[in-house]
Amino acid sequence: MDSSVEWLLFLVVFLSISISSSSAHRIGIPRGAAVLKKHHLPSKRAFSGDLHTYFYTQTLDHFNYKPESYATFQQRYVINYKYWGGGAVTAPIFVCLGAEQALETDLQTIGFLDDNAARFNALIVYIEHRYYGESLPFGSREEAFRNAYRMGYLNSAQALADYAEIMADIKNNLQASHSPVIVIGASYGGMLASWFRLKYPHLALGALASSAPVLYFDNITPSDAFYSIITKSFRETSESCYQTIRRSWSVIDSYASQPWGLSVLSSKFRTCYPLNSASELKKELESIYVVASQFNQPAYLVNRVCAAIDETQTDDILFKIFAAVVAFNGNNRCYINPPTPESQTVTGWKWQTCSEMVIPIGVGENTMFQPNPFDLNTFINDCIGTYGVAPRPHWITSYYGGNDFNFILQKFGSNIIFSNGLRDPFSAGGVLEHISKSIRAVTTTYGSHCLDLFPKSDNDPEWLTKQRNIELRIIKGWLVTYYADLKAFQKG
């Protein structure tokens with residue numbers, strides 16, 4: 001691949017599954033991700049010879065003492081010792097908390113740790129999330145995802161406890177008991193990073209949570225905010241593009257209502273298989289617009305889509321829309337509904353959204369999309385029908401907080417950076433204002449989803465470099481304070 005596609009695939013799958021689950025399966029999975037293969041995005045990192053792979057014998061269930069809870073599995077993590085100053089001088093440890101994808105994805109494409117470890121003499125650690133990559137309970141993917149009884153051990157609390165055990169073990173093995181840990185995560189991983197700092201402050205000095213929609217739960221954020229940001233991005237780019245997209249849905253429905261309509265639509269959009277319904281096409285188109293907005297930079301995907309629509313000289317709205325599909329995907333044999341096997345990421349995240357990660361995203365009246373409000377009862381029934389298990393829509397805020405987030409975290413939270421690009425629709429559920437002197441919001445007007453964790457590039461805009469430098473100054477401040485406090489403690 002010629003781009004950091006694999007990391008983006010994980011992020012887009014997070015987007016796609018969250019929305020499809022939350023809006024009665026409105027957006028297809030994972031069609032939106034695949035189209036990124038043709039875009040010129042930051043080059044993925046090659047594997048370094050400095051990486052050392054380990055497996056930790058992890059406890060299956062950290063929160064019960066039944067005999068079956070003591071079962072174990074092998075959890076993968078990787079360490080890069082290249083820049084580390086050592087435990088003797090209490091050099092810091094940067095830990096990337098894996099999310100719903102294999103470890104290789106982070107190793108290849110998240111550049112923040114490797115780009116900045118040298119200046120801090122930091123150890124770099126990447127930990128794979130349970131049930132993803134090679135960190136599979138019950139011995140195989142088939143067994144791990146066999147049924148709800150097996151998948152019941154896949155949740156965020158278990159994952160955080162996994163990270164805690166591995167971090168404690170690493171510090172013990174390296175005789176680095178006083179080396180401060182900074183946890184870093186992207187999207188769902190960003191949520192995990194912030195939650196880890198709150199739940200395990202004795203293990204993590206601070207957290208950088210990139211594009212973490214920690215407030216998109218339990219109706220704290222308006223359910224239509226996600227699609228409103230996407231609409232705003234397109235409308236600010238081109239009013240005519242926005243209007244064309246908005247009108248296209250009724251045109252598609254009009255064709256589909258005719259006896260020959262689906263056949264015509266299949267031909268117009270060069271589908272890989274004949275369309276079975278209008279919704280099949282609309283899901284694919286919707287996914288393109290969502291992905292273009294969420295990952296607009298650095299490839300300027302919204303501009304690319306709108307340029308194709310606006311520069312196509314025809315009165316045929318669907319021809320304009322198809323031009324956008326081609327611009328987004330590149331030249332392919334076919335475009336809509338390609339055969340795509342369900343990935344491990346999709347399988348796992350479907351379960352997570354049907355259990356605890358209930359992000360209530362719906363489509364309101366004032367967007368460029370057809371209205372489709374989030375309906376909790378429909379969502380619950382879909383999950384029961386799939387897994388025989390009802391989701392717990394209030395659990396995240398009960399366990400991690402969310403309601404009165406700013407007020408409460410002023411009292412007991414510290415040392416968290418919430419970074420967001422305001423063009424990212426998930427920023428609607430992010431922390432966008434400073435909570436305290438040590439819980440900081442770092443935002444960029446034009447930033448996209450998790451852009452600050454991309455490998456740095458000579459082509460980075462000034463505002464992105466500034467965002468990263470702010471984050472690094474905050475982290476340096478945490479470390480300076482920590483070392484001063486540690487010195488005073490050891491003397492006293």
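**Exercise 1. Determine the sense in which strand 3 and strand 4 pair, and place both in their sheet.**

Solution. Helices and strands here are DSSP runs (H or I of at least four residues for a helix, E of at least two for a strand), numbered from the N terminus. Two strands count as paired if DSSP finds at least two bridges between them. Strand 3 and strand 4 (residues 123-127) are joined by five bridges and pair in the parallel sense. One bridge can be located: Ile93 has Leu123 of strand 4 as its partner.

The model is a predicted one, in which local features need pLDDT of at least 70 and side-chain atom pairs count only at pLDDT 80 or more, while totals for chains, interfaces and linings use all residues. Residues are numbered from 1 along each chain as its sequence is written, and side-chain values use heavy atoms, with hydrogens and water left out.

Next take strand 5 (residues 181-186), which pairs with strand 3 in the parallel sense over four bridges. Here Val95 stands opposite Val183. Strand 2 (residues 72-80) runs antiparallel to strand 4, and four bridges join them. In that pair, Val78 faces Tyr126 of strand 4.

Finally, assemble the sheet. It is open, has eight strands in the order 1-2-4-3-5-6-7-8, and its pairing is mixed. Strand 1 (51-59) and strand 8 (439-444) are the edge strands, each pairing on one side only. From one strand to the next the twist averages 20 degrees.

**Exercise 2. Decide which residues cover each face of strand 3.**

Solution. Buried means under 20% relative accessible area, exposed means over 50%, and partly exposed lies in between (1.4 Å probe, protein chains only). Strand 3 spans residues 93-97, and five of its five residues are buried. Sort them by side: Ile93, Val95 and Leu97 lie on one, Phe94 and Cys96 on the other. Both faces of strand 3 are therefore covered, by the burial cut-off of under 20%.

**Exercise 3. Check the length of helix 16 and find where its buried residues lie.**

Solution. The expected span of a helix is 1.5 Å times one less than its number of residues. Helix 16 (residues 376-387) has 12 residues and should span 16 Å, which agrees with the 16 Å between its end C-alpha atoms. Its buried residues are Phe379, Ile380, Cys383 and Tyr387. Seen down the axis of helix 16, they fall within an arc of 100 degrees, so they line one face. That arc is taken from the directions from the helix axis to the C-beta atoms. On the other side of helix 16, Asn377, Asn381 and Gly385 are exposed. Just after the helix, Gly388 takes a positive phi of about 75 degrees.

**Exercise 4. Apply the checks of length and burial to helix 12.**

Solution. Helix 12 covers residues 278-294. Its 17 residues should span 24 Å at 1.5 Å a residue, and the end C-alpha atoms are 24 Å apart, which agrees. For burial, 14 of the 17 residues are buried, so helix 12 is largely enclosed by the rest of the structure.

**Exercise 5. Classify the packing of helix 9 with helix 13, and of helix 4 with helix 19.**

Solution. Axes are lines fitted to C-alpha atoms, for helices over the stretch in contact, and angles run from 0 to 180 degrees between N-to-C directions. Angles under 35 degrees count as roughly parallel, over 145 as roughly antiparallel, 65 to 115 as roughly perpendicular, and the rest as oblique. Helix 9 (residues 225-237) and helix 13 (residues 301-311) pack at about 55 degrees, with axes 10 Å apart. They are therefore oblique to each other. Helix 4 (residues 112-120) and helix 19 (residues 462-491) cross at roughly 45 degrees, their axes coming within 12 Å. Helix 4 is thus oblique to helix 19.

For the hand, a crossing is left-handed if the near helix is turned anticlockwise from the far one by less than a right angle, and right-handed if clockwise. The crossing of helix 9 and helix 13 is right-handed, and helix 4 also passes helix 19 in a right-handed crossing.

**Exercise 6. Locate Gln175 and Asp218 and state their phi values.**

Solution. Most residues other than glycine have a negative phi. Gln175 has a positive phi of about 50 degrees although it is not a glycine. Gln175 is found in the loop between helix 7 (156-173) and strand 5, and is exposed at 69% relative accessible area. Asp218, also not a glycine, has a positive phi near 55 degrees. Asp218 lies in the loop between strand 6 (206-210) and helix 9.
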